[in-house]
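Me: I am new to this structure and would like a close look at one part of it, with enough of the rest to place that part. Please start from the chain as a whole.

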Amino acid sequence: MSNEKDTNDPPAADDTPPEDTPPEDAPSESTSRKETSREETGTEEVASNGHSSEDGVDDSDRVGDDTDDSDRVEADTDSDDEWDDPEWDDPELDDDVTIEDGVDGDGGASESSEDGVVDGPIDDGDIDELGSTVEVEGAEIAEDPDEDDLLGGLLIDDTSEIEIPDRLVDQVIGQEHARDVIIKAAKQRRHVMMIGSPGTGKSMLAKAMSELLPKEELQDVLVYHNPDDGNKPKVRTVPAGKGEQIVDAHKEEARKRNQMRSLLMWIIIAVVLGYALIIVGQILIGIIAAGVVYLVFRYLNRGSDAMIPNLLVNNGDTKSAPFRDATGAHAGALLGDVRHDPFQSGGMETPSHDRVEAGAIHKANKGVLFVDEINTLDIRSQQHLMTAIQEGEFSITGQSERSSGAMVQTEPVPTDFVMIAAGNLDAMENMHPALRSRIKGYGYEVYMEDTIEDTPEMRRQYVRFIAQEVAKDGRLPEFTAEAIEEVILEAKRRSGRKGHLTLHFRNLGGLVRVAGDIARGEDAEFTTRDHVLSAKGRSRSIEQQLADDFIERRKDYELQVSDGYVVGRVNGLAVMGEDSGIMLPVMAEVAPSQGPGEVIATGQLKEMAQESVSNVSAIIKKFSDENISEMDIHIQFVQAGQQGVDGDSASITVATAVISALENVGVDQSLAMTGSLSVRGDVLPVGGVTHKIEAAAKAGCTRVIIPQANEQDVMIEEEYEEMVEIIPVSHISEVLDIALEGEAEKDSLVDRLKSITGSALKEQGVSKPTSPSPQ
């Protein structure tokens with residue numbers, strides 16, 4: 001249903017509200033309790049379907065009768081006996097005001113007849129039909145698309161020919177499993193925890209869930225002054241839209257009372273001043289008396305203002321289930337708070353109920369509470385969040401121990417929300433185990449994929465993604481077919497896997513926006529392929545800019561060698577972040593030991609890099625004819641930087657450098673290499689090979705050794721294809737055969753190594769590095 005009021009309805013508050021005494025036709029105390037009992041047992045559903053089970057009469061037929069609608073609301077929504085006290089009765093509201101208080105299950109508005117009767121939700125399709133079955137619409141598709149067609153067979157000239165789905169869940173691309181889970185969770189109101197890399201669509205799915213939640217009766221929450229204990233304000237819930245009417249009616253009543261008191265005050269002041277001036281002849285005494293009268297009336301007016309309730313949660317204009325993003329929220333913003341009052345006495349204080357602030361958990365009632373990076377919440381907040389999930393209600397109190405608000409605690413406020421927690425893989429480590437248990441026990445856990453298989457259907461979805469980004473921005477020129485193809489090629493490159501597309505849409509969307517900005521700056525009608533190519537250079541990550549700067553500086557100081565043969569020096573390759581490569585030289589030297597021989601590696605090596613050096617030392621010990629127990633082997637990662645080296649992709653680099661130093665055989669400096677190494681000498685796959693190869697080409701190397709298992713993952717830019725020769729290998733003996741100088745010495749070394757180590761490993765999965773440190 002919709003919460004919009006009929007434009008022909010009269011104002012919310014009557015012009016002549018009554019005093020505190022209830023109207024003559026107000027329900028008695030026994031009637032109120034009877035209505036409350038029916039509500040608690042579920043026998044009457046006035047707000048949800050407009051029918052009363054008591055007499056079978058449609059309540060919508062009573063819109064224009066003489067019965068006070070506000071009294072019915074009070075009877076139906078209150079279960080506390082104190083609300084039957086005339087002191088707590090709300091002013092009379094207009095009987096003709098119809099409040100529509102919900103949303104349809106699919107996030108759309110419901111149709112309503114003229115008399116306020118709900119005819120049923122608009123038919124926008126079954127929720128089961130949403131999600132992964134959505135296809136690109138608005139453009140023709142070739143009957144038998146070519147496998148190499150980057151548009152997946154779409155016959156379009158630009159993105160303006162693509163229709164954008166209205167529902168947010170239909171705009172989600174690539175995360176079929178997560179999308180289906182969200183749809184199921186929305187139907188059953190289950191909690192969800194989504195774990196995955198940033199920019200893969202977690203927040204978008206959370207927002208989509210708020211559109212898909214089943215129809216609920218939205219509520220307003222009011223906080224009232226408690227005359228018995230001012231530090232324990234009372235809480236009341238009413239149907240959405242009623243809260244604002246109640247507050248307005250109270251304000252109007254208080255305004256009229258204040259006007260009458262002000263008139264009486266000025267009359268008394270005039271009499272006092274006249275008496276003092278004319279009769280007594282002491283004007284000073286009259287002024288003092290008038291001041292006393294003024295202060296007394298001001299104090300009485302404050303007592304009248306304290307009777308106005310505080311509208312804590314207002315859903316009057318809400319057309320779908322609430323969505324609250326509490327990512328990084330402090331305790332007060334998440335759990336609610338009570339403002340500090342510097343004036344706590346002397347009649348100057350603010351009533352406690354007016355200082356109560358709703359938290360995200362209360363504003364998300366009947367909707368979705370989204371918390372990204374859930375592990376960043378402190379343990380105390382996670383414990384309170386766990387309580388709110390379990391109990392469905394949570395009292396508001398001051399979060400600061402030194403504030404006067406810490407003495408205030410309201411009655412429980414509803415917190416019936418669906419929790420969506422999100423984060424990276426490390427989020428599960430610092431997350432409260434009991435909170436995770438509640439989410440898992442009452443919902444689902446979903447892992448967000450980083451890549452997806454490259455198919456014609458998925459390419460068509462990517463075309464729609466670009467159209468969505470253009471439409472969402474609203475200022476970008478439409479993308480031509482050639483520009484779209486270049487973006488999809490970049491998506492293939494960023495996936496790091498052959499036959500896959502990246503699902504890091506936030507970063508890819510940044511490329512789309514930069515390309516559009518370039519085209520808009522040139523006043524171009526369309527965004528073309530040239531604009532996308534320019535954007536790829538301008539939208540480089542910080543790591544890529546640093547890597548390019550390192551390469552240029554090393555050239556200036558001749559720290560980068562790309563020709564000739566050098567003993568014990570090998571050009572290794574590493575990645576910084578996820579999309580930048582850098583050449584990292586590794587040097588080795590063998591020296592007599594003053595004690596037991598050991599392998600010493602420097603360059604801020606992290607745990608995985610140190611383990612890879614240990615694995616390499618096992619091969620060296622078995623391979624070398626010399627007694628290395630009497631030698632120290634020094635390994636240096638040149639200019640690794642303060643972040644150090646992580647990962648094992650430099651294993652073959654270290655092994656080649658040490659063997660070169662032991663045998664005093666030079667290594668080709670026009671060659672760069674990357675690859676992991678097993679203790680038997682097998683070359684294992686690594687991540688980021690595309691960016692590493694491009695870094696070697698920028699540095700001037702002409703050949704690059706990579707693991708054979710990574711050969712399918714190479715997707716370098718066209719400008720680098722003619723600059724380097726890519727050599728896939730599967731065994732350390734192949735590496736030495738290619739890298740070392742001299743045929744006779746090299747042949748003997750390779751033959752000896754082959755006789756000792758095992759066969760190469762042909763097939764291995766790729767582990768994609770995510771650390772910003774060189775790997």
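Among contacts in the chain between residues at least 6 apart in sequence, what percentage join residues at least 24 apart? After that, please look closely at helix H11: which of its residues are buried?

Reply: The model is a predicted one. Of the contacts between residues at least 6 apart in sequence, 76% join residues at least 24 apart. The chain has 775 residues, and buried residues make up 50% of them. Its secondary structure consists of 24 helices and 31 strands.

Helix H11 is the part you asked about. H11 covers residues 379-391, and its 13 residues should span 18 Å at 1.5 Å a residue; the end C-alpha atoms are 18 Å apart, so the expected and computed spans agree. The buried residues in H11 are Ser381, Gln382, Leu385, Met386, Ala388 and Ile389. Viewed down the axis of H11, these buried residues fall within an arc of 160°, and therefore they line one face of the helix. A general point about helices helps here: an α-helix has 3.6 residues a turn, so residues three or four places apart point the same way.

The two ends of H11 have details of their own. At its start, the backbone nitrogen of Arg380 has a side-chain oxygen of Asp378 within 3.1 Å. Just after H11 comes Gly392, with a positive phi of about 75°.

Next come the sheets. One open sheet is formed by 5 strands in the order E9-E12-E15-E5-E16, with parallel pairing. Strand E9 (323-325) and strand E16 (443-447) are its edge strands, and each pairs on one side only. On average, neighbouring strands in this sheet are turned by 15° against each other, direction ignored. At the E9 edge, E9 pairs with strand E12 (residues 368-371) in the parallel sense over 3 bridges. Within that pairing, Arg324 has Leu369 of E12 as its bridge partner.

Two helices lie across part of this parallel sheet. Helix H5 (residues 176-188) lies across strand E5 (191-195), strand E15 (418-423) and E16, and runs at about 165° to E16. Helix H13 (residues 433-441) also lies across E5, E15 and E16, but it runs at about 100° to E16.

Another open sheet has 3 strands in the order E7-E6-E8, and here the pairing is antiparallel. Its edges are strand E7 (234-239) and strand E8 (310-313); each has a single partner strand, so one side of each is left without a neighbour in the sheet. Neighbouring strands of this antiparallel sheet are turned by 35° against each other on average, direction ignored. As a general rule, strands of a sheet pair through backbone hydrogen bonds, either parallel or antiparallel. In this sheet, strand E6 (residues 219-224) and E7 pair in the antiparallel sense over 6 bridges. One of the residues involved is Gln219, whose bridge partner in E7 is Pro239. Helix H7 (residues 242-280) lies across E6, E7 and E8, running at about 35° to E6.

Three single residues complete the tour.

Asp454 sits in the loop between strand E17 (451-453) and helix H14 (456-473). Asp454 counts as buried because its relative accessibility is 14%, and the cut-off for buried is under 20%. The side chain of Asp454 makes a polar contact with that of Lys492, at 2.8 Å. Leaving out residues up to four places away in sequence, Asp454 touches Arg459, Lys492, Gly499, His500 and Leu501.

Leu508 belongs to helix H16 (residues 505-521). Leu508 is buried, because its relative accessible area is 0%. With residues up to four places away in sequence again set aside, Leu508 touches Tyr462, Phe465, Val487, Glu490, Ala491 and Arg494. For one of these, Phe465, the separation from Leu508 is 43 residues in sequence and 9.8 Å in space, C-alpha to C-alpha.

His731 lies in the loop between strand E31 (725-729) and helix H23 (732-739). His731 counts as buried because its relative accessibility is 6%. Its side chain makes a polar contact with the side chain of Ser733, at 2.7 Å.

To return to your request: the buried residues of H11, among them Leu385 and Ile389, line one face of the helix.

Key. Residues are numbered from 1 along each chain as its sequence is written. This is a predicted model: local features need pLDDT of at least 70, side-chain atom pairs count only at pLDDT 80 or more; totals for chains, interfaces and linings use all residues. Side-chain values use heavy atoms; hydrogens and water are left out. Helices (H or I, at least four residues) and strands (E, at least two) are DSSP runs, numbered from the N terminus. Buried means under 20% relative accessible area, exposed over 50%, partly exposed in between (1.4 Å probe, protein chains only). A polar contact is a pair of N or O atoms within 3.5 Å; within protein, one must be able to donate a hydrogen and the other to accept it, and residues adjacent in sequence count only if both atoms are side-chain atoms. Two strands pair if DSSP finds at least two bridges between them. Axes are lines fitted to C-alpha atoms, for helices over the stretch in contact, and angles run from 0 to 180 degrees between N-to-C directions. Contact means heavy atoms within 4.5 Å. The expected span of a helix is 1.5 Å times one less than its number of residues. The arc is that of the directions from the helix axis to the C-beta atoms.
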